[in-house]
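Biologist: Please give me a close look at a single part of this model, the aromatic rings, and then place that part among its surroundings. I am in my first year, so kindly explain each term as you reach it.

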Amino acid sequence: MNELNVVVDNARTSFQQAATPAELENAKALFLGKSGRITELMKGMVALPVEEKKSRGAAINLAKQAIEAALNDRRQALADAELQAQLQAEALDVTLPGRQRGQGGLHPVSLTLERIEAIFGSMGFDVAQGPEIETDWFNFTALNTPEDHPARSMHDTFYVEGGAANAPNLLRTHTSPMQIRYAVQHVKQHRAALGSGWTDGSLFSGSMPEIRVIAPGRTYRVDSDATHSPMFHQCEGLWVGENVSFKDLKFVFTDFCRTFFESDDLVLRFRPSFFPFTEPSAEIDIQFQSGPLTGRWLEVAGSGQVHPNVVRNMGLDPEKYMGFAFGMGPDRLAMLRYGVNDLRLFFDGDIRFLSQFV
Ligand code: PHE
């Protein structure tokens, strides 16, 4: 192989070895640059006789053209490779299913509350919302709950800043304060409509439409395990009129449970209990006669006949007005209805769990 062929061959090899356009330009400089091999060879002709110069020059030119051709081939190859890599990286599989925005849905507890509201709504109950930060008066005192009741202790209740020293504000421990708030508003409105006002603080003993309301919402206690969460839900129920008794409570709540669980195969037990704001008081237990929960008594609500002191705090004369109240746990109802055994699952926010209810 003559000297020029060797140069061309070397050029091809080093172009081939260049892995990037930058490396290729460096390799090019070694052969075609100002002080590259071809320029060197040209300079070497200076001393040659004229005849030889001609043929030598032509041969060097041919070598130069061969090197340029090799350079262009390699440039093209690198550009192709780069394009291929880019196409690979940006590959678009048009056969893949489209990306959709996830379909939202209601939380199982919200679904349960909607269900409760619909059922009681069909029985003529209004739905009321109340504040989660309550005063000591509405949460305890107005509900006939004495100063030394354990529910008022720091262990049971989240107190918050901003209340008076002897009447602190707190995160409501139950929805029962809504009994007072709603009834007082109802009585005030009715008295205003009668034009009698309500400035003397007297108890109302005239006639007025019945109070029939449920009050669902968040409640708070210092409690946390598989069946207790520091934040949980309650739904209060209140029915006050001139002749509303425990038998109405039994009828209403039984009807509610059977509708809620879509089963007549269900019995209720009113187990004597104590709440300061009801007398007599009862825990309401239910028992399924069929299905996976058959036979166990399950507590679903506290209830009772509204205590006369509470009727007074509503602005009503207890000689004229009476009624019942209950407070149930929608979280518990949701657990029973959906077969969930750990309450905390509802509030962990795990989309894999929650999306099952959509
Ligand atoms: N507020 C009571 C509780 O949280 C439940 C209840 C409501 C009991 C209404 C009687 C009447 O346990």
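**The aromatic rings and their surroundings**

Modeller: The domain assignment divides the protein into domain 1 (2–89) and domain 2 (108–357); such bounds come from an automatic or database domain assignment. Between the C-alpha centres of domain 1 and domain 2 there are 91 Å. The model is a predicted one, in which local features need pLDDT of at least 70 and side-chain atom pairs count only at pLDDT 80 or more, while totals for chains, interfaces and linings use all residues. Residues are numbered from 1 along each chain as its sequence is written, and side-chain values use heavy atoms, with hydrogens and water left out.

I begin with the rings themselves. The structure contains 19 aromatic pairs (rings of Phe, Tyr and Trp, the last by its six-membered ring, with centres within 6.5 Å; planes under 30 degrees apart are stacked, over 60 edge-to-face, and the rest tilted). In one of them, Phe246 and Phe270 have ring centres 6.0 Å apart and planes at 70°, so this pair is edge-to-face. The pair joins distant parts of the chain, for Phe246 belongs to helix α8 (residues 246–260) and Phe270 to strand β7 (residues 266–275), 24 residues apart. Helices (H or I, at least four residues) and strands (E, at least two) are DSSP runs, numbered from the N terminus. Phe270 has a relative accessibility of 18% and therefore counts as buried (buried is under 20% relative accessible area, exposed over 50%, partly exposed in between, with a 1.4 Å probe and protein chains only).

Ring pairs also link Phe120, Phe125, Trp239, Phe253, Phe256, Phe260, Phe261, Phe288, Phe324 and Phe326 into a cluster. Two of these rings have an arginine over the face: Arg115 lies over Phe260, at 5.3 Å from the ring centre, and Arg212 lies over Trp239, at 4.2 Å from the ring centre. A charge sits over a ring if NZ of Lys or CZ of Arg is within 6 Å of the ring centre and within 35 degrees of the ring normal.

The loop between α8 and β7 holds Glu262. Although Glu262 is not a glycine, its phi is positive, at about 50°. With a relative accessible area of 58%, Glu262 is exposed.

Strand β7 also leads to the largest pocket, since β6 (231–241), β7, β8 (278–288), β9 (298–306), β10 (322–328) and α10 (330–338) each supply at least two residues of its lining. A pocket is an open set of points on a 1 Å grid over the protein atoms alone, where a 1.4 Å probe fits, with protein on both sides within 12 Å along at least five of seven lines; lining residues have an atom within 4 Å of a point. The largest share of this lining, six residues, comes from β9. By class, the lining has 14 nonpolar, 18 polar and eight charged residues (Ala, Val, Leu, Ile, Met, Phe, Trp, Tyr, Cys and Pro are nonpolar, Asp, Glu, Lys and Arg charged, and the others, Gly among them, polar).

Two further details concern the strands just named. In β8 lies Pro280, which a cis peptide bond with omega of about -5° joins to Glu279. His307 is found in the loop between β9 and α9 (308–313), and it counts as buried because its relative accessibility is 17%.
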